[in-house]
Amino acid sequence: LSCCPVSQLEMLGCSIGNKGAELLVKHYANKNTTGQLLEELILYGNGLTSEGMEHVMKIVRTRSATLRVLNVSANSISMAVISEALKHNTSLTKLSVEICWLSVKGAVYISQLLNVNHTLQVLNMNHNLISDDGMAVISEALKHNTSLTKLWVEQCGLSVKGAVYISQLLNVNHTLQVLNMNHNLISDDGMAV
């Protein structure tokens, strides 16, 4: 990778693991690397854990002026690490944490991020178990967020209660334009709110 300046690095299902993430850091987190304007980093399904995510976040912090898209979906990660690194980031516009086994705790970290980050426009949380309680904290944060335009919460364990939180959010947030709630148990009652 050191010989080729790339703006988009896609490594889907390459099983690089935490050690591979550490090796990426050695190259992309080096501020002296010339010609490297990394704008998209896609590490979908690489066996990363919180340790690997610490390495990836070093790249995010170093490339904070250029990195626009980060996809760490299908990895067993901690949102605490990501949230902390992105709180003051001013370039990342799209974050995908699909299929990361996030729960309510992960949703709390996402809400903390949404409370202070004013750059993020697209958030993909599909196929996580955030549940209604997680949607409650995310909805509360989005009531005051003016940057997020697309939110994907497909198959996240939402029910009528989650639909109520989303309805309350949509009454005050006029920035959100796309909302994907596919495959949640909203039912007719949820549509009535």
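Axes here are lines fitted to C-alpha atoms, and the angle between two helices runs from 0 to 180 degrees between their N-to-C directions. The model treated in these exercises is predicted.

**Exercise 1. Helices H3 and H4**

Determine how helix H3 (residues 79–86) and helix H4 (residues 104–116) are arranged, and which residues join them.

Solution.
1. The axes of H3 and H4 lie 9 Å apart, at a packing angle of about 0°.
2. Angles under 35 degrees count as roughly parallel; H3 and H4 are therefore roughly parallel to each other.
3. On the H3 side, the contact is formed by Met79, Ala80, Ser83 and Leu86. H4 contributes Gly106, Tyr109, Ile110, Gln112 and Leu113.
4. Sorted by class, the contact of H3 with H4 contains six nonpolar residues, three polar residues and no charged residues.

**Exercise 2. Serine 83**

State whether serine 83 is buried or exposed, and name the residues that it touches.

Solution.
1. Serine 83 is located in helix H3.
2. Buried means under 20% relative accessible area; serine 83 has 1% relative accessibility and so counts as buried.
3. Leaving aside residues up to four places away in sequence, serine 83 touches Tyr109, Gln112 and Leu113. Tyr109, Gln112 and Leu113 are among the H4 residues in the contact with H3.

**Exercise 3. Helices H4 and H5**

Describe the packing of H4 against helix H5 (residues 131–142).

Solution.
1. The two axes come within 8 Å and cross at roughly 5°.
2. This angle makes H4 roughly parallel to H5.
3. From H4, the contact involves Val104, Ala107, Val108, Ile110, Ser111, Leu114 and Asn115. From H5, it involves Ser131, Asp133, Gly134, Val137, Ile138, Ala141 and Leu142.
4. The contact of H4 with H5 comprises nine nonpolar residues, four polar and one charged.

**Exercise 4. Helix H6**

Compare the expected span of helix H6 (residues 160–172) with the distance between its end C-alpha atoms, and locate its buried residues.

Solution.
1. At 1.5 Å a residue, the 13 residues of H6 should span 18 Å.
2. The end C-alpha atoms of H6 are 19 Å apart, which agrees.
3. Gly162, Ala163, Ile166 and Leu169 are buried in H6.
4. These residues cover an arc of only 120° around the axis, so they are on the same side of H6.

**Exercise 5. Positive phi**

Give the phi, place and exposure of isoleucine 99 and histidine 127.

Solution.
1. Most residues other than glycine have a negative phi.
2. Isoleucine 99, not a glycine, has a positive phi of about 55°. Isoleucine 99 sits in the loop between strand S4 (94–96) and H4, and is partly exposed at a relative accessible area of 26%.
3. Histidine 127, not a glycine, has a positive phi of about 60°. Histidine 127 belongs to the loop between strand S5 (122–124) and H5, and is partly exposed at 28%.

Key. Residues numbered from 1 in each chain as written. Predicted model: local features only at pLDDT ≥ 70, side-chain atom pairs only at ≥ 80, totals over all residues. Heavy atoms only, no water. Helix = DSSP H or I, 4+ residues; strand = E, 2+ residues; numbered from the N terminus. Parallel < 35°, antiparallel > 145°, perpendicular 65-115°, else oblique. Contact = heavy atoms within 4.5 Å. Nonpolar A, V, L, I, M, F, W, Y, C, P; charged D, E, K, R; others polar. Expected span 1.5 Å × (residues − 1). Buried < 20%, exposed > 50% of the residue type's maximum accessible area, 1.4 Å probe, protein only. Arc of directions from axis to C-beta.
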